[in-house]
Amino acid sequence: MTTCKNDLILLHQGPDDPIGQQVGEPLIREYFENKKSDIIICGHCYWERPLVTMGETQFLNVDSKVFVFSR
């Protein structure tokens, strides 16, 4: 069985960040704690700091913000 690593995941709601006091869903944080993904884009709840690194994964919260991505 081959496993693939996702480069980008898009979620409606993001994880909580108990250290940084970011609002979110604890189950999402628990799920991704032991997984490796380059970046997860989420929203729904406003974060003061839009980019948070948890383990080896970065979470970008785009709630109330505009980001332009280019290749």
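User: What share of the 71 residues in the protein chain is buried?
Analyst: Keep in mind that this is a predicted model. A residue counts as buried when its relative accessible area is under 20%. For the 71 residues here, the buried share comes to 34%.

User: Okay, and what radius of gyration does the protein chain have?
Analyst: Let's start with the box: the C-alpha atoms fill roughly 40 × 30 × 20 Å along the principal axes. A compact globule of 71 residues would have a radius of gyration near 11 Å. The chain's own value agrees with that, at 12 Å.

User: What pattern do the helix and the strands follow along the sequence?
Analyst: First the parts list: the chain has one helix and four strands. The helix is H1, residues 26–32. Reading along the sequence, you get the pattern β-α-β-β-β.

User: How are the four strands of the open sheet ordered?
Analyst: Strands of a sheet pair through backbone hydrogen bonds, either parallel or antiparallel. In this sheet the pairing is mixed. Its order is S1-S2-S4-S3.

User: Which are the edge strands?
Analyst: An edge strand pairs on one side only. In the order S1-S2-S4-S3, that description fits strand S1 (8–13) and strand S3 (51–54).

User: By how many degrees are neighbouring strands of this sheet turned against each other on average?
Analyst: Here we look at neighbours in the order S1-S2-S4-S3. Direction is ignored for this angle, and the average is 25 degrees.

User: Do S2 and S4 run parallel or antiparallel?
Analyst: Strand S2 covers residues 39–43 and strand S4 covers residues 57–61, with four bridges joining them. Across this pair, Ile 40 stands opposite Phe 59, and Ile 41 stands opposite Leu 60. The two strands run parallel.

User: In S2, which residue is the bridge partner of Leu 10?
Analyst: Leu 10 belongs to the stretch 8–13, which is strand S1. Four bridges join S1 to S2, and they run parallel. In S2, the partner of Leu 10 is Ile 41.

User: How many of the five residues of S2 are buried?
Analyst: Let's go side by side. Ile 39, Ile 41 and Gly 43 point one way, Ile 40 and Cys 42 point the other way, and all are buried. S2 is therefore largely enclosed by the rest of the structure, and its count of buried residues is five of the five.

User: And how many of the five residues of S4 are buried?
Analyst: One of them is Phe 59, which counts as buried because its relative accessible area is 1%. S4 too is largely enclosed by the rest of the structure. Its count of buried residues is four of the five.

User: In the hairpin of S3 and S4, which residue takes a positive phi?
Analyst: S3 and S4 pair in the antiparallel sense over four bridges, and Leu 51 stands opposite Leu 60 in this pair. The hairpin has two residues between the strands. With a phi near 65 degrees, the residue in question is Gly 55.

User: How many aromatic pairs are there, by the ring rule?
Analyst: Rings of Phe, Tyr and Trp pair if their centres lie within 6.5 Å. Ring pairs link Tyr 31, Phe 32 and Phe 59 into a cluster. Overall, the count of aromatic pairs is three.

User: Is the pair of Phe 32 and Phe 59 stacked or edge-to-face?
Analyst: The cut-offs are under 30 degrees for stacked and over 60 for edge-to-face. The ring centres of Phe 32 and Phe 59 are 6.1 Å apart and their planes sit at 75 degrees, so the pair is edge-to-face.

User: How many residues apart in sequence are the parts that this pair ties together?
Analyst: Phe 32 lies in helix H1, and Phe 59 lies in strand S4. Phe 32 is buried at 11% relative accessibility, and Phe 59 is buried too, at 1%. In sequence, the parts tied together are apart by 27 residues.

User: What about the rings of Phe 67 and Phe 69: stacked or edge-to-face?
Analyst: Phe 67 is partly exposed at 34%, and Phe 69 is exposed at 55%. Their ring centres are 6.4 Å apart and their planes are at 25 degrees, so the pair is stacked.

User: Last one: how far apart in space are Gly 24 and Glu 56, C-alpha to C-alpha?
Analyst: Gly 24 lies in the loop between S1 and H1. Beyond its neighbours within four places in sequence, Gly 24 is in contact with Gln 13, Gly 14, Pro 15 and Asp 16. Glu 56 is 32 residues away in sequence, and the C-alpha distance is 18 Å.

Key:
Residues are numbered from 1 along each chain as its sequence is written. This is a predicted model: local features need pLDDT of at least 70, side-chain atom pairs count only at pLDDT 80 or more; totals for chains, interfaces and linings use all residues. Side-chain values use heavy atoms; hydrogens and water are left out. Two strands pair if DSSP finds at least two bridges between them. Axes are lines fitted to C-alpha atoms, for helices over the stretch in contact, and angles run from 0 to 180 degrees between N-to-C directions. Rings of Phe, Tyr and Trp (its six-membered ring) pair if their centres lie within 6.5 Å; planes under 30 degrees apart count as stacked, over 60 as edge-to-face and the rest as tilted. Buried means under 20% relative accessible area, exposed over 50%, partly exposed in between (1.4 Å probe, protein chains only). The radius of gyration is taken over C-alpha atoms; the globule rule is 2.2 Å times the number of residues to the power 0.38. Contact means heavy atoms within 4.5 Å.
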